[in-house]
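Here is a walk through a two-chain model, piece by piece. Keep the structure open while you read.

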Amino acid sequence: MQVTLKIQRFNPEKDSAPYWKEYTVDMHPNDRVLDALLYVKNHIDGTLTLRSSCAHGICGSDAMRINGVNQLACKSLFSKVGNNVTIEPIAGLPVIKDLVVDMEPFMEHYRSVLPFFINDDPPPEKERLQSEEDRLRFEETTKCILCACCTTSCPTFWATDAYVGPAAIVQAHRFIFDSRDQGASQRLEILSDPDGVWRCRTIFNCTNACPRDIKVTEAIAEVKKEILFNKL
Amino acid sequence: MQYHYHKHDVIIVGAGGAGLMAALYAGKEVDTAVISKLYPTRSHTGAAQGGIGAALANLEEDHWEWHAYDTIKGADFIGDQDAIEFMCKDAPDVVFELEHMGLPFDRTPEGKISQRRFGGHTNNETKKAVMRACNSADRTGHMILQTLYQQCIKHNVNFYDEYQMLDLIMVDGEARGVVAYEIDTGELHVFHAKAVMLATGGWGHVWNITSNAHTLTGDGPALVLRHGLPLEDMEFFQFHPTGLFKLGILITEAVRGEGGVLINGKGERFMPKYAPNVKELASRDVVSRAIYMEVMAGNGVDGKDYVYLDVTPETVNHYFEVDDSRLPNGEIRKIDDHFVQTKLEDISDFCRTYVGVDPTKEPIPVQPTAHYAMGGIPSDIDTHVLANENGDIVPGLYAAGECGCVSVHGGNRLGTNSLLDIVVFGRRGGKVMAKDVKQKEFKPIDAEAAAAKVRAELDAILNNTGEESAADIKQEMKDIMTKDVSVFRIEEGMAEAVKKLRELRERYKHIHIDDKGKRFNTNLLEAWQLGNLLDLALVTAEAALARKESRGAHARDDYPERDDENWMKHTIVYLDADGKVTLKYKPVTVTKYQPVKRVY
């Protein structure tokens, strides 16, 4: 199938503002948008710049806005997105070049929620025991790959970049609901800040955008509930 | 000549499992920094699926000695037995440490770490598959990578994210630092160090169909070669039997561990012919060869070069009955749709997304995929890089993980042993580097000259007006290697591959690139990385051509048998600046296991 890609281009060394450029390429319906982007880069215009690595939805490098919806280019097949495809960088983070954004503000929010296991008790000789039920309690949010599809689809984040954002809350959720962890109250304290969970207006863009099918809005709601009724 | 200068006791290049584990350990005691061309959580450790091997015996009897013997046998007796024993003995402790770091392993009904069956891992007495792979659904690597990165944040490890290493700084045979390129700005950074660890991963993109990330370009091993140091056992590269058809995306061996069977185009389960005891759970080289032989015999699906991996509960439960496969409590094993969806959740997602197959209802189309480098930078158990076949150490240089060769995988790696390798030797390397650098002062480097050398190399690519395209050369390299240096090999084919690869290396000198800019110039970096892949392809083909036997992943039509008398030895390969390859050999370390014929 013939595919037209309309790609937002921006080279900080040459351009004062982003512009659109179109490329037409032959693709198979089962090809990924990433395949087409790499075809353009390899055979038409080597200056086209994007991040990609694993190419099968595990590393989270190639989050971009495809036909207005955040997704991973390596998980978007032409059979799904059609043959007229608009591709932009994810929104709300500064664009470095073409489809590459500065991830640092996103990572800063991530680091702010104490995204690591906290348990100061001396560990047992073998594993800490955890029931299957307790383990499943936070299964969903362990799947996050930090691609930023959720946070950069959130209108609240676009409006207020101080908002910690869905991804950071998902990462906090993974520990708050882990029966082995002892840092929940510290994390809930951080997330009860005005720029924490309460900025979430349950718009559900994050849940729709997540390439790992995490129910992000629900996870945020669980953290809100925990702040209200349990830990604080 | 403009460059930035940094000084750290320890520099680790690569932020996968090995690099991060080393960083945690070195960072506890000395000033440590990690350079990574990706954000650390993008590293390919995250793509590992099925599990990490350790004889915890949480579900049935198991011993680290059994794990060690399985690994030695899996390696087709060319792994170093002292290193293998060290790794397997250390395995339970390192897995418990990961759990203490918060890693969310799946659990047994008693709340212990859950374990599953995997290829080549057996009860040494009954010869049946043993539950040894500690797992977290089918994203164990993701959990390990995330957990280690979380711990690095907790312990304030220094990271230089999206910095590409472009050179090692070697003075008088000693590693004293690294030159790296800040991808965002195009500026050069000289890192002065007392210890440099390479943990850069593999190079599967030398072949067409691969499970590897695009960014796995063998930067560490290629730079080692360029500094006149050797690589070890490069002819041993693992083709994982079950890559998703055409895409090469890994479909974990855990699918077979949980009962999945391989079916040819005639609808026959063919593995019992090749491995009567453990069938689908033979080691990967054996299963990959079986698939190729089925395809060659015209038994591929629709006459094509793939077969089916069937994990539909109906088929799996049928073969549990046929095989009399039982749970520890004596009941016949049984699975249902929910089991497949939860224990193999990511796999189910890949199948639905990329080939439109629901694995609970239909079989998955699979073919072997270039997966893992058993060879690499020779090191000792302490991760010290070795300068030659005599075992002399390169002061200041360390290697761990897939880019290294201790050698614990020999001719063929067992599934779950790569995740084990990275954490065991990452931890060991971190501790050893901390100890080594405390007894050592910073030695002088000429930072200006080091940066100027790299700048000149980059300028040579940027200013080249040749007619050749890097993308075309890369594709031709992949085609050559896939045709002639793949699952089955033969003298004429490999000789032809060597000749063609040499031509490609000449053409590579005349490539041009489009992007001449400073900011985020991936066009430039990919062109540079191609030079690494070409070097690694050449030494792989030359080492393979020279080894006149079949062992592990190195299978030759013209020398179909293993030849312990002449070839039970490691290859040590050098590549000089003119492209001349020199092959030397060194003995395999044997503790107590003499080679026997490998039967599964």
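## Reading the labels

Helices (H or I, at least four residues) and strands (E, at least two) are DSSP runs, numbered from the N terminus. One thing to keep in mind throughout: this is a predicted model.

With those labels, Asp98(A) can be placed in the loop that runs from strand E6 (95-97) to strand E7 (100-101) of chain A.

## Backbone oddities

Asp98(A) isn't a glycine, yet its phi is positive, about 45°. Is Asp98(A) buried or exposed? It has 26 C-beta neighbours inside 10 Å, so Asp98(A) counts as buried; the cut-off for that is 20 or more. Leu146(A) is another non-glycine residue with a positive phi, this one near 55°. You'll find Leu146(A) in the loop between helix H4 (132-137) and helix H5 (155-159) of chain A. Leu146(A) counts as buried too, because 25 C-beta neighbours lie inside 10 Å.

Over in chain B, look at the peptide bond between Val406(B) and Ser407(B): it is cis, with omega about 10°. Ser407(B) belongs to the loop between strand E18 (404-405) and helix H12 (417-438) of chain B.

## A sheet in chain A

Five strands of chain A, in the order E2-E1-E5-E3-E4, make an open sheet with mixed pairing. Which strands stand at the edges? They are strand E2 (19-26) and strand E4 (69-72) of chain A; each has a single partner strand, so one side of each has no neighbour in the sheet. On average, and ignoring direction, neighbouring strands of this sheet are turned by 35° against each other.

Zoom in on one pairing: strand E3 (residues 63-66) of chain A runs antiparallel to E4(A), with 4 bridges between them. Here Met64(A) sits opposite Gln71(A) of E4(A). A helix, H1(A), packs on the sheet and touches strand E1 (2-9), E2, E3 and strand E5 (84-88) of chain A. The direction of H1(A) makes about 95° with that of E2(A).

## Domains within each chain

Chain A is assigned two domains, domain 1 (2-101) and domain 2 (104-231). Their C-alpha centres lie 29 Å apart, and 14 residues of domain 1 of chain A are in contact with 14 residues of domain 2 of chain A. Which element gives the most to the domain 1 side? That's E4(A), with 4 residues. Sorted by class, this side of domain 1 of chain A has 8 nonpolar, 5 polar and 1 charged residues.

For chain B, the division is into domain 1 (242-368) and domain 2 (447-563), and the C-alpha centres of the two lie 33 Å apart. In contact here are 5 residues of domain 1 of chain B and 5 residues of domain 2 of chain B. Helix H8 (residues 284-296) of chain B gives the most to the domain 1 side, with 4 residues. By class, that side of domain 1 of chain B has 2 nonpolar, 1 polar and 2 charged residues.

## Where the chains meet

How many residues does each chain bring to the contact? Chain A brings 42 residues, and chain B brings 42 residues. On the chain A side, helix H1 (33-44), E6 and H4 of chain A are the elements that give two or more residues. The class count for that side of chain A is 15 nonpolar, 14 polar and 13 charged residues.

Notes. Residues are numbered from 1 along each chain as its sequence is written. Chains are lettered from A and ligands numbered from 1 in the order in which they are written. This is a predicted model: local features need pLDDT of at least 70, side-chain atom pairs count only at pLDDT 80 or more; totals for chains, interfaces and linings use all residues. A residue is buried if 20 or more other C-beta atoms lie within 10 Å of its own, exposed if 12 or fewer, and partly exposed in between; C-beta atoms are placed from the backbone. Two residues are in contact if their C-beta atoms, placed from the backbone, lie within 7 Å. Ala, Val, Leu, Ile, Met, Phe, Trp, Tyr, Cys and Pro count as nonpolar, Asp, Glu, Lys and Arg as charged, and the others, Gly among them, as polar. Two strands pair if DSSP finds at least two bridges between them. Axes are lines fitted to C-alpha atoms, for helices over the stretch in contact, and angles run from 0 to 180 degrees between N-to-C directions. Domain bounds come from an automatic or database domain assignment.
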